[in-house]
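Work through the exercises below with the model open. Each task is followed by a solution in steps.

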Amino acid sequence: MSSEDFVAALGSAVEHSPWVALEAWRRRPFGSVAALQLAFESAMRCAPRERRLELLRAHPELAGREAEAGELTEASAREQQAARLDRLAADELAALTTLNADYGARFGFPFIACVREHSVESLLAWGRARLAREPDAEAATAIAEVGKIVGLRLRELVAER
């Protein structure tokens with residue numbers, strides 16, 4: 001598969017960051033979906049710090065402005081809906097909005113979590129706990145969460161082909 005075809009087929013696994021797919025393509029061949037996921041994760045982790053931060057900043061807030069405006073990617077919309085972030089109670093939405101604002105102000109990128117692994121309550125609790133972390137440690141955690149999201153999305157994309 002050419003690099004262009006590869007990015008076209010799998011680039012959507014990472015929010016608005018097709019460069020990750022291109023870097024992963026350079027690590028081919030892939031003997032399994034796990035190897036493919038590892039190539040994506042390596043591309044993210046090995047990128048320069050500013051590039052990793054750009055990757056994190058490309059993610060939408062959970063139940064945030066993009067969701068409200070209907071501007072989420074198809075994958076993000078599906079994931080946030082499955083986690084019921086599109087139908088939060090007023091107090092849950094207020095808590096998540098506050099968390100998003102506090103987190104963004106502290107770290108300079110949105111709170112990122114693999115929402116498929118959480119309930120609304122656990123997501124809020126984990127987000128609050130992460131606010132106490134040091135910025136570099138939190139950036140590493142956020143990249144790890146992106147890796148989980150990408151792994152799930154890659155499995156779906158490969159299964160569709």
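The exercises that follow deal with a cavity, salt bridges, buried polar side chains, a helix and some backbone angles.

The model is predicted, so local features need pLDDT of at least 70 and side-chain atom pairs count only at pLDDT 80 or more, while totals for chains, interfaces and linings use all residues. Residues are numbered from 1 along each chain as its sequence is written, and side-chain values use heavy atoms, with hydrogens and water left out.

**Exercise 1. The cavity**

Task: Describe the largest cavity and state which helices supply at least two residues of its lining.

Solution.
Step 1. Rolling a probe the size of a water molecule over the atoms shows where empty space is left. On a 1 Å grid over the protein atoms alone, a cavity is a set of points where a 1.4 Å probe fits but cannot get out. Grid points are joined across faces, edges and corners, and a volume is the space filled by probe spheres set on the points.
Step 2. One cavity of 30 Å³ or more is present, and the largest cavity holds about 140 Å³ of space.
Step 3. Lining residues have an atom within 4 Å of a point. There are 14 of them, and Leu 62, Ser 76, Glu 79, Ala 113 and Ile 149 lie nearest the centre of the cavity.
Step 4. Helices are DSSP runs (H or I, at least four residues) numbered from the N terminus. α6 (74-82) and α9 (135-160) each supply at least two lining residues; α6 gives the most, with three.
Step 5. By class, the lining has eight nonpolar, three polar and three charged residues. Here Ala, Val, Leu, Ile, Met, Phe, Trp, Tyr, Cys and Pro count as nonpolar, Asp, Glu, Lys and Arg as charged, and the others, Gly among them, as polar.

**Exercise 2. Salt bridges and burial**

Task: For the salt bridges of Glu 23, Glu 54 and Arg 130, find the partner and the accessibility of both side chains.

Solution.
Step 1. A salt bridge is a side-chain nitrogen of Lys or Arg within 4 Å of a carboxyl oxygen of Asp or Glu. The whole structure has 18 of them. Buried means under 20% relative accessible area, exposed over 50%, and partly exposed in between (1.4 Å probe, protein chains only).
Step 2. Glu 23 pairs with Arg 26, with 2.5 Å between the closest N and O atoms. Glu 23 is partly exposed at 28% relative accessibility, and Arg 26 is partly exposed at 48%.
Step 3. Glu 54 pairs with Arg 51 at 3.9 Å, N to O. These two are three residues apart in helix α4 (residues 49-57), so about one helical turn separates them. Glu 54 has a relative accessible area of 43% and Arg 51 one of 34%.
Step 4. Arg 130 pairs with Glu 138, the closest N and O atoms being 2.5 Å apart. Both residues are buried.
Step 5. Elsewhere, salt bridges that share partners join Glu 15, Glu 74, Arg 78, Glu 79, Arg 116, Arg 153 and Glu 156 into one network.

**Exercise 3. Two buried polar side chains**

Task: What are Thr 141 and Gln 80 in contact with, leaving aside neighbours within four places in sequence?

Solution.
Step 1. Contact means heavy atoms within 4.5 Å.
Step 2. Thr 141 lies in helix α9 and is buried at 14% relative accessibility. Beyond its sequence neighbours within four places, Thr 141 is in contact with Trp 126, Arg 130 and Arg 133.
Step 3. Gln 80 is in helix α6 and is buried at 6%. Its contacts outside that range include Pro 60, Leu 62, Ala 63 and Leu 85.
Step 4. A polar atom of the Gln 80 side chain lies 2.8 Å from the backbone nitrogen of Ala 63.

**Exercise 4. Helix α2 and backbone angles**

Task: Which residues of α2 are buried, and what are the phi values of His 16 and Ala 63?

Solution.
Step 1. In α2 (residues 18-25), the buried residues are Trp 19, Val 20, Ala 21, Ala 24 and Trp 25. Their cover includes α1 (3-10), α3 (33-46) and α4.
Step 2. In the loop between α2 and α3 lies Pro 29, joined to Arg 28 by a cis peptide bond with omega about 5 degrees.
Step 3. His 16, in the loop between α1 and α2, has a positive phi near 50 degrees and is exposed at 56%.
Step 4. Ala 63, in the loop between α4 and α5 (65-69), has a positive phi of about 55 degrees although it is not a glycine. Ala 63 is buried, with a relative accessible area of 16%.

Notes
1 Å grid on protein atoms, 1.4 Å probe; cavity = no way out; pocket = protein on both sides within 12 Å on 5 of 7 lines; lining within 4 Å. Polar contact = N/O pair within 3.5 Å; in protein donor to acceptor, adjacent residues only side chain to side chain.
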